[in-house]
Amino acid sequence: MAQALVYDPRYHTFESWAALMCELYAAQQLEIPTQFTDWKLWGNGIKAIDVFTNEAIPSTDNYDNWFDWAAALLGTVNPAAG
């Protein structure tokens, strides 16, 4: 079974979801989110992670909220089940 590259954002706030992503990619030293973190700037930092550089990950600029972007990211990079 292939490992998920992105956590499912359902049932999370941006802060809790992004904190899980920070833990998953601890070696990349992503900014640990707070209530003041701009989700679009934080999300743009994901593009710099080596496993995502060759993926056509969605741009945060195309989304009005973090959840829709995170769901699109999940659908783009996680291996299909089955």
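In the predicted model, Leu 5 touches Met 21, Leu 24, Tyr 25, Phe 52, Val 77 and Asn 78, when residues up to four places away in sequence are not counted. Leu 5 itself has its place in the segment before helix 1. With a relative accessible area of 22%, Leu 5 is partly exposed, because a residue counts as buried under 20% and as exposed over 50%. One of its partners, Tyr 25, lies 20 residues away from Leu 5 in sequence, and the two C-alpha atoms are 9.4 Å apart in space.

Phe 52, another residue touched by Leu 5, has a set of contacts of its own. Once its neighbours within four places in sequence are left aside, Phe 52 is in contact with Leu 5, Val 6, Tyr 25, Ile 46, Ile 57 and Val 77. Tyr 25 and Val 77 are thus named among the contacts of Phe 52 and also among those of Leu 5.

Phe 52 also belongs to the largest nonpolar core, which has 20 residues, and within this core Val 6, Trp 17, Trp 42, Ile 46, Phe 52 and Leu 73 touch the most other members. At least two residues of the core come from each of helix 1, helix 2 and helix 3, the last of which spans residues 66-77. The most is given by helix 3, which supplies 6 residues to this core.

The arrangement of the helices can be described for helix 1, residues 14-24, and helix 2, residues 39-46, whose axes come within 12 Å of each other and cross at roughly 20 degrees. Helix 1 is therefore roughly parallel to helix 2, since angles under 35 degrees are counted in that class. The crossing in which helix 1 passes helix 2 is left-handed. On the side of helix 1, the contact is made by Phe 14, Trp 17, Ala 18, Met 21 and Cys 22, while helix 2 takes part through Trp 39, Trp 42 and Ile 46. When the residues of this contact are divided by type, 8 are nonpolar, none is polar and none is charged. Trp 17, Trp 42 and Ile 46, which take part in this contact, are also among the residues that touch the most other members of the largest nonpolar core.

A further residue, Ser 59, is found in the loop between helix 2 and helix 3. Ser 59 has a relative accessible area of 19% and is buried, because the limit for a buried residue is under 20%. Apart from residues up to four places away in sequence, Ser 59 touches Lys 47 and Trp 69.

Methods
Residues numbered from 1 in each chain as written. Predicted model: local features only at pLDDT ≥ 70, side-chain atom pairs only at ≥ 80, totals over all residues. Heavy atoms only, no water. Axes fitted to C-alpha atoms, helices over the stretch in contact; angles between N-to-C directions. Helix = DSSP H or I, 4+ residues; strand = E, 2+ residues; numbered from the N terminus. Parallel < 35°, antiparallel > 145°, perpendicular 65-115°, else oblique. Left-handed = near helix turned anticlockwise from the far one by under 90°. Contact = heavy atoms within 4.5 Å. Nonpolar A, V, L, I, M, F, W, Y, C, P; charged D, E, K, R; others polar. Core = buried A, V, L, I, M, F, W, Y, C linked by side-chain atoms within 4.5 Å. Buried < 20%, exposed > 50% of the residue type's maximum accessible area, 1.4 Å probe, protein only.
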